[in-house]
Amino acid sequence: LGMAKRISLREFQQDLTRRLQESGGSGRRSALLAVVAGSENWLIDLTDAGEIIAINALTEVPLTQNWFRGLANVRGNLYSVVDLASFCGESPSPLSNESRMMLIGARHGLNAALLVNRALGLRNPDDFEVDESFSDPRPWVGHALRDHQNRLWKQLIVRPLLADPRFLDAGADVR
């Protein structure tokens, strides 16, 4: 009896994502996933965030950029893992029990994951105000938002990140 009731986290997240997308037509905005990477707070549209999983073993790949943390085997599929903080110019994130991988590329046909220090859960877009004074030249950084405590959150836009030439070129410059 208990087995039939149990639903995998992945199925739950896929169902949640599907229901959010379906409700998206009603004018409601999608929930935002809040994560911390290095010293920065990020918000990712839940429909783009993909699955969030604990870090399993990472296989290092020689001769790659310091932000490319390696490959992870997720249910038999290899994912390239990029350390978001390090990619943004901070020092590499130490792995801890709170570290998470966000499988951001799945719905775009790429096995790409972002390593973040921790996932903070879902946030309501209505709880944030756009900070008009903020601008960022990177095409994958959207608005800056401020929460009720005046903390700055940057919007991460997945599609331009996945298309960014730097993101796609994890090879180290060895000459």
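Trainee: Which residue in β5 stands opposite Leu 58?

Mentor: This is a predicted model, in which local features need pLDDT of at least 70 and side-chain atom pairs count only at pLDDT 80 or more, while totals for chains, interfaces and linings use all residues. Residues are numbered from 1 along each chain as its sequence is written, and side-chain values rest on heavy atoms, with hydrogens and water left out. Strands (E, at least two residues) and helices (H or I, at least four) are DSSP runs numbered from the N terminus. Opposite Leu 58, in β5, stands Ala 72.

Trainee: How many bridges join strand β4 to β5?

Mentor: Two strands are said to pair if DSSP finds at least two bridges between them. Strand β4 (residues 58-59) and β5 run antiparallel, and Thr 59 has Leu 71 as its bridge partner in β5. The number of bridges joining β4 to β5 is 2.

Trainee: Which residue in β6 stands opposite Phe 68?

Mentor: β5 also runs antiparallel to strand β6 (residues 77-83), to which 6 bridges join it. The partner that stands opposite Phe 68 in β6 is Val 82.

Trainee: Which residue takes a positive phi in the hairpin of β5 and β6?

Mentor: This hairpin has 2 residues between the strands. The positive phi, near 50°, belongs to Arg 75.

Trainee: How many residues of strand β5 are buried?

Mentor: A residue counts as buried under 20% relative accessible area, as exposed over 50%, and as partly exposed in between (1.4 Å probe, protein chains only). Strand β5 (residues 68-74) is largely enclosed by the rest of the structure because so many of its residues are buried, namely 5 of the 7.

Trainee: Which strands stand at the edges of the sheet that holds β5?

Mentor: The 6 strands of this open sheet follow the order β3-β7-β8-β6-β5-β4, with mixed pairing. Each edge strand has a single partner, so one side of each is left without a neighbour in the sheet. The edge strands are β3 (51-54) and β4.

Trainee: Which residue forms an edge-to-face aromatic pair with Trp 67?

Mentor: Rings of Phe, Tyr and Trp (its six-membered ring) pair if their centres lie within 6.5 Å; planes under 30 degrees apart are stacked, over 60 edge-to-face, and the rest tilted. By this rule the count comes to 5 aromatic pairs. One of them, with 4.9 Å centre to centre and 85° between the planes, joins Trp 67 to a second ring. Trp 67 lies in the loop between β4 and β5, and its partner, 20 residues apart in helix α4 (residues 84-87), is Phe 87.

Trainee: How far apart in sequence are the parts that Phe 87 and Trp 140 tie together?

Mentor: Phe 87 and Trp 140 form a tilted pair, 5.7 Å centre to centre with 45° between the planes. Both are buried. Phe 87 lies in helix α4 and Trp 140 in the loop between β10 and β11, so the separation of the parts they tie together is 53 residues.

Trainee: Which residue has its charged end over the ring of Phe 87?

Mentor: Phe 87 belongs to one aromatic cluster with Trp 42, Trp 67, Trp 140 and Phe 167. A charge sits over a ring if NZ of Lys or CZ of Arg is within 6 Å of the ring centre and within 35 degrees of the ring normal. Lying 4.1 Å from the centre of the Phe 87 ring is the charged end of Arg 166.

Trainee: In which sense do β2 and β12 pair, parallel or antiparallel?

Mentor: Both strands belong to an open sheet of 6 strands in the order β9-β1-β2-β12-β11-β10. Strand β1 (residues 32-37) and β2 pair in the antiparallel sense over 6 bridges, and β11 and β12 also run antiparallel, joined by 4 bridges. Ile 44 stands opposite Leu 156 in β12. Over 3 bridges, the sense in which β2 and β12 pair is parallel.

Trainee: What is the volume of the second largest pocket?

Mentor: On a 1 Å grid over the protein atoms alone, a pocket is an open set of points where a 1.4 Å probe fits, with protein on both sides within 12 Å along at least five of seven lines; lining residues have an atom within 4 Å of a point. Of the 15 lining residues, those closest to the centre of the second largest pocket are Leu 32, Asp 45, Pro 125, Leu 145 and Gln 155. β2 (40-45), β11 (141-146) and β12 (152-156) each supply at least two residues of the lining. With grid points joined across faces, edges and corners, and volume taken as the space filled by probe spheres set on the points, the value is about 250 Å³.
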